[in-house]
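Visitor: Please take me through one part of this model closely, residue by residue where that helps. After that, set it against the rest of the chain.

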Amino acid sequence: MNQANSMVRFVICGIVLLMCSTVCISAQIQVPALCGPVPSENQLRWQELEYYAFIHFSLNTYTDQSWGYGNEDVNLFNPTELDCRQWARICKEAGMKAIILTVKHHCGFCLWPSKYTEYSVKNAPWRDGKGDVVREMADACKEYGLKLGIYLSPWDRNHPEYGRPEYITYFRNQLTELLTNYGPIFEVWFDGANGGTGYYGGANENRKIDRTTYYDWSNTYKLIRELQPDIVIWNDGGNRADLRWVGTEAGFIGETNWSLLNATGDVPFNMLHHGVEDGDSWVPGEVNTSIRPEWFYHPSEDTKVKTLPHLMDTYYNSIGRNATLLLNFPIMPNGLIHENDEKAALDLAKAVKEAFAVNLARQTKAEASNVRGNAEESAADNVIDSDKDTYWATDDDVTKASLTLDFGKPTTFNRFMAQEYIRLGQRVKAFTIEGLIDGNWKELAKATTVGYKRILRFPTVAATQLRFNINDAKCCPVISNIGVYNAPQILTSPTDYMPTAFDLKEMVGYTWAHLLAQAVNMTSPLLHFAGKYQDFIGNPAENLLRHLPSTWDETIVLSGSEIGKTVGFARRRGDTWFIGVLNGGEAATLPIELSFLEQGTWQAEVFGDDPGHPATFQRQSNNVRASDSLTVSMSPRGGAVIGLTKTTP
Ligand SMILES: [Ca+2]
């Protein structure tokens, strides 16, 4: 063979080899195809903020109202110590990344000197009418490295033209002022309360609007995006924008939470709360809630600022469930955040920092049951590199896979965090976590969706390995990060946690007494029903609920209990007994023998079903002794609760 021939063969071989390796490499590094809708760059940037503040401040602050009528005197607005830098400092120290300021609430009063109305700070005594809260907020945000957002109420109970086309021009003029004069705005927020009674320039009447057409949102959105191309728009479900309400202001989103909705059609509670698995649009959830019961400041709530265990639950039930958390601070009449609210926010920040201080996954050896194309780009250890842009992915046809983290020695932990690489869509539908404890695999937690971030809590274990089993997914899973943590326990005392509400929207088909019985049987602090705080206050069962302990000295399963039908517990804390009975799908009667009671007379307070009326209950009180029995009749998916306190020895 001459040298030329040899050279030709070498070149051909090289080309073949090159072609082969090109083909092989491209097969290995092929990025998984998009799985359904994906977030925009603006939505991605927003999601990564995770935690930011709401600020409510207006004439309501001076009238102790929740919603102003629109005729409140502008002279009331005179915050003597107003300091937006205090707000920004607290938010920054609390770990928040942005602040959304309510620049105009339903009463129509504007916190900036809008040139389109007289109903603003320019006619208030504060700073002799020269003040501009939005300007001071924008400056403070800049100083503290926070992004700024605005809440502009579409409903305006002051404006004479509200309900007519002229008001839409006014509304857009105001949006233009706000989105032009105050630098970058990361989010704009439009409340869903629209139309009703109001001052309306002196008309004092009821004005109804057709909320599907009146605001012509598509053109308003166009204007917003022209003025602030990097913005995200929040609107409640019906007027589909970039972000969605989660159906409750109580501080949590559904455990199953898809960042998807359909572009058109109604959005009932379950869609707001859980998203839509096969939705055609990326519309992630934002959990908005207040650090106190109400949005605006009321002095009576200075003692009702949420406790650390309550706020931790809010954190896990929002950020830990693939949502962001928008936590509200009401501003006091003097223009500052109350010290109790500041302390609560900083305590939460400290507890979150402690909980996630050390990612135990970083020190492990990661292996997966399947790696996409057996390529390094998709390998298991990409989930422990703390890099959000690298990921573990499986082959296209693999939607069931496991990833194991080997700690090398028994390691103590109680939190698991996973993140999907959502640029390619949301995929995981079901997963479990197992621990290898004393040589046996034990299930630690079971869940559905992951999304941008999912955090699971479970009792502390010492395991040598952790297994993350994806049992079902819409497409091949793509996981960017995993975290394993050993969070310090936060003790809950009985008075620490106030159950917030009952709302049958959350528990379709169940009765009120059933929900109440859950509070007893599932242990009182875990009340997470949707709805309004006000439904709880003044509720006939409020006293009983407030006194439910979070730990018990003794639990007895009542005879006649049968899993799937009727389950009753009698639970004792000190000298007090609580009985909770949960009923299944058919009406039932349960006789309860009280032989577990000590001698003496006991007062029994019974909350039972009101047949045919699931949203109400019947209440009676009578004296009983250990030799007596009480019979409760329950509706389908009903229940009963009995509180027993000793009256005479
Ligand atoms: Ca990674």
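Guide: Helices (H or I, at least four residues) and strands (E, at least two) are DSSP runs, numbered from the N terminus. The model is predicted: local features need pLDDT of at least 70 and side-chain atom pairs count only at pLDDT 80 or more, while totals for chains, interfaces and linings use all residues. Residue numbers start from 1 along each chain as its sequence is written.

The close look starts at T289, which lies in strand 10. T289 counts as buried because it has 24 C-beta neighbours inside 10 Å; the cut-offs are 20 or more other C-beta atoms within 10 Å for buried, 12 or fewer for exposed, and partly exposed in between, with C-beta atoms placed from the backbone. Leaving aside neighbours within four places in sequence, T289 is in contact (C-beta atoms within 7 Å) with E249, A250, G251, T314, L327 and N328. The C-alpha atoms of T289 and F329 are separated by 9.5 Å, although the two residues are 40 residues apart along the chain.

One of those partners, T314, leads to helix 9. The buried residues of helix 9 are H310, L311, M312, D313, T314 and Y315. Their cover includes strand 10 (286–290), strand 11 (324–330) and helix 10.

The packing of helix 9 on helix 10 comes next. Two packed helices are described by the angle between their axes and the distance between the axes. The axes of helix 9 (residues 308–316) and helix 10 (residues 339–355) come within 10 Å and cross at roughly 60 degrees; axes are lines fitted to C-alpha atoms, for helices over the stretch in contact, and angles run from 0 to 180 degrees between N-to-C directions. Helix 9 and helix 10 are therefore oblique to each other; angles under 35 degrees count as roughly parallel, over 145 as roughly antiparallel, 65 to 115 as roughly perpendicular and the rest as oblique. The crossing is right-handed, that is, the near helix is turned clockwise from the far one by less than a right angle, whereas anticlockwise would be left-handed. Helix 9 contributes L308, L311, M312 and Y315 to the contact, and helix 10 contributes A344, D347, L348, A351 and V352. By class, the residues of this contact are 8 nonpolar, no polar and 1 charged (Ala, Val, Leu, Ile, Met, Phe, Trp, Tyr, Cys and Pro are nonpolar; Asp, Glu, Lys and Arg are charged; the others, Gly among them, are polar).

For comparison, take helix 6 and helix 7. Their axes also come within 10 Å, but cross at roughly 20 degrees. That makes helix 6 roughly parallel to helix 7. Helix 6 passes helix 7 in a right-handed crossing. R172, L175, T176, L179 and T180 of helix 6 meet T220, L223, I224 and L227 of helix 7. This contact divides into 5 nonpolar, 3 polar and 1 charged.

Helix 7 (residues 217–227) has W217, T220 and I224 buried. Seen down the helix axis, these buried residues fall within an arc of 60 degrees, so they line one face of helix 7; the arc is that of the directions from the helix axis to the C-beta atoms. The face turned away from the buried side carries the exposed residues S218, N219, K222 and E226. Helix 6 (165–181), strand 4 (187–190) and strand 7 (232–235) are among the elements covering the buried residues of helix 7.

Further along the chain, F413 sits in strand 14 (residues 401–420). F413 has 22 C-beta neighbours inside 10 Å and so counts as buried. Not counting residues up to four places away in sequence, F413 touches L360, V461, V484, Y485 and N486. F413 and L466 are 53 residues apart in sequence and 10.0 Å apart in space, C-alpha to C-alpha.

Two loop residues deserve a check of the backbone. N204, in the loop between strand 5 (196–198) and strand 6 (205–207), has phi near 45 degrees, a positive value in a residue other than glycine. With 12 C-beta neighbours inside 10 Å, N204 counts as exposed. R637, in the loop between strand 25 (629–634) and strand 26 (639–648), also has positive phi, near 55 degrees. R637 has 19 C-beta neighbours inside 10 Å and therefore counts as partly exposed.

As for the whole chain, its secondary structure comes to 12 helices and 26 strands. Of its 649 residues, 45% count as buried. Among contacts with a separation of 6 or more, 74% join residues 24 or more positions apart.

Technical notes
Two residues are in contact if their C-beta atoms, placed from the backbone, lie within 7 Å.
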